[in-house]
Amino acid sequence: MNDKNASSRKIKIQNEDQLHAKIITDPGEQKLEAAFLIQKIDSVDTERGFKNVSRRIEKKARFIHNINIISRVAAILLIPVLFLSVWYNVINKQNNQIETTYHTVNCPVGIKTQLSLPDGSLVWLNSGTTVKYQLPFTNKTRKIEMDGEAFFEIKKDRIPFIVNTGNAKVKVYGTEFNVKAYSSDNQIEVALKEGSIGFTATNNMDEKRLSPNDFLTFNKTTNAVETINQNINKYIAWRNNQLVFDETPLSEMALMLERWYGIQVEIKDDDLLRYKFTTTFENEPLLQVIELLELSSPIKIKYIPTKIDDQSNVISKAKIVINKK
């Protein structure tokens, strides 16, 4: 093969440095070309390439280092956040305990009163009644403790309303009802005017549901529960200042007079305990009640007014003594 044909077989390869490689068959020319290529390789900036690679490695290392620092800082900051959260819950709980108080209302014997509960419910207290409730009501229950007699108008709410008498409890579902539960009495009476209530004795888990005009009695000694549906007006008339006797035994009437007028009643003859009385008094003073009872029955009543002991300055209650005529 001659030189002309050999030169026509040269091929060009172009890279980023516009470096041309030739296919050369002549040994002399091959040596020259190799020397040329070595010179080109020596001219490559290896130092700059090393710096570029080092810079990238350093940047990645710095990024990882920053991530580690941020993670540590976040962990350190999380500790006081957790502490503050626990502290807030504890302090808030303590504050709630401090702010929550119990309010007690005592209605003296011979007095009747009305009060409004924190939820807007209304309660009428008969004489000699004490109620105790939480201020404010909790978001789980509205509870009131009572000893005596009270008429309730309960505001409807999703939160249950419970009347606790010690021996029993009444769960309310939005209603009007009367509870007579003096701790000195042997019987608890519940009369439902409107709505629905549930009665449960403390020693019995079964709830007794009441419908309007149901009158329930619970005997504390025998635990007997009886319910009758009837006209309950006489059981709630006291709220309107009406003292109603309906076939009421003298012993029970005496107790009602004691609470109504704040007096003492003494029955001198046991035979009188067989007597029953049916009458209604409305806003009548005690002396007029005594006069009407004497006129309508075979009894004689002596009134003894209030006295003050000269030595002790103790005030004694007024008293009536009941005898046969």
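Two strands pair if DSSP finds at least two bridges between them. Keep that rule at hand for this tour of a predicted model.

**Whole chain**

Start with everything shown. The protein chain holds six helices and 20 strands. Of its 325 residues, 30% count as buried. Among contacts with a separation of 6 or more, 44% join residues 24 or more positions apart. The accessible surface is about 21500 Å², and carbon and sulfur atoms own 53% of that area.

**Strand 12 and its partners**

Select residues 214-219. This is strand 12, and five of its six residues are buried. Now add residues 187-194, which form strand 9. Strands 9 and 12 run antiparallel, joined by five bridges. Look across from Ile188: Phe218 of strand 12 stands opposite.

Next, add residues 225-229 for strand 13. Strand 13 also pairs with strand 12 in the antiparallel sense, over five bridges. Here Phe218 faces Val225. Follow the chain through the hairpin of strands 12 and 13, where five residues lie between the strands. Stop at Asn223, whose phi is positive, near 65°.

While the strands are on screen, check side-chain directions. In a regular strand, side chains alternate between the two faces of the sheet.

**The largest pocket**

Which residues are the closest to the centre of the largest pocket? First, its volume: the largest pocket offers about 490 Å³ of space. Select Lys180, Glu189, Tyr235, Glu252 and Met256; of the 30 lining residues, these are the closest to the centre.

Then colour the lining by element. Strand 8 (176-181), strand 9, strand 12, helix 4 (233-236), strand 14 (242-249) and helix 5 (250-261) each supply at least two residues. Strand 14 gives the most, with eight residues. Recolour by residue class, and the lining of the largest pocket splits into 14 nonpolar, eight polar and eight charged residues.

**Lys171**

Last stop: residues 168-172, strand 7, where Lys171 is found. Is Lys171 buried, partly exposed or exposed? Its relative accessibility is 30%. Buried means under 20% and exposed means over 50%, so Lys171 counts as partly exposed.

Show the contacts of Lys171. Leaving out residues up to four places away in sequence, Lys171 touches Pro160, Phe161, Ile162, Ile197, Gly198 and Glu207. Finally, draw a C-alpha to C-alpha distance from Lys171 to Lys143: the two are 9.3 Å apart in space and 28 residues apart in sequence.

Conventions
Residues numbered from 1 in each chain as written. Predicted model: local features only at pLDDT ≥ 70, side-chain atom pairs only at ≥ 80, totals over all residues. Heavy atoms only, no water. Helix = DSSP H or I, 4+ residues; strand = E, 2+ residues; numbered from the N terminus. Buried < 20%, exposed > 50% of the residue type's maximum accessible area, 1.4 Å probe, protein only. Contact = heavy atoms within 4.5 Å. 1 Å grid on protein atoms, 1.4 Å probe; cavity = no way out; pocket = protein on both sides within 12 Å on 5 of 7 lines; lining within 4 Å. Points joined across faces, edges and corners; volume = space filled by probe spheres on them. Nonpolar A, V, L, I, M, F, W, Y, C, P; charged D, E, K, R; others polar. Areas by Shrake-Rupley, 256 points an atom, 1.4 Å probe, with all protein chains shown as cover.
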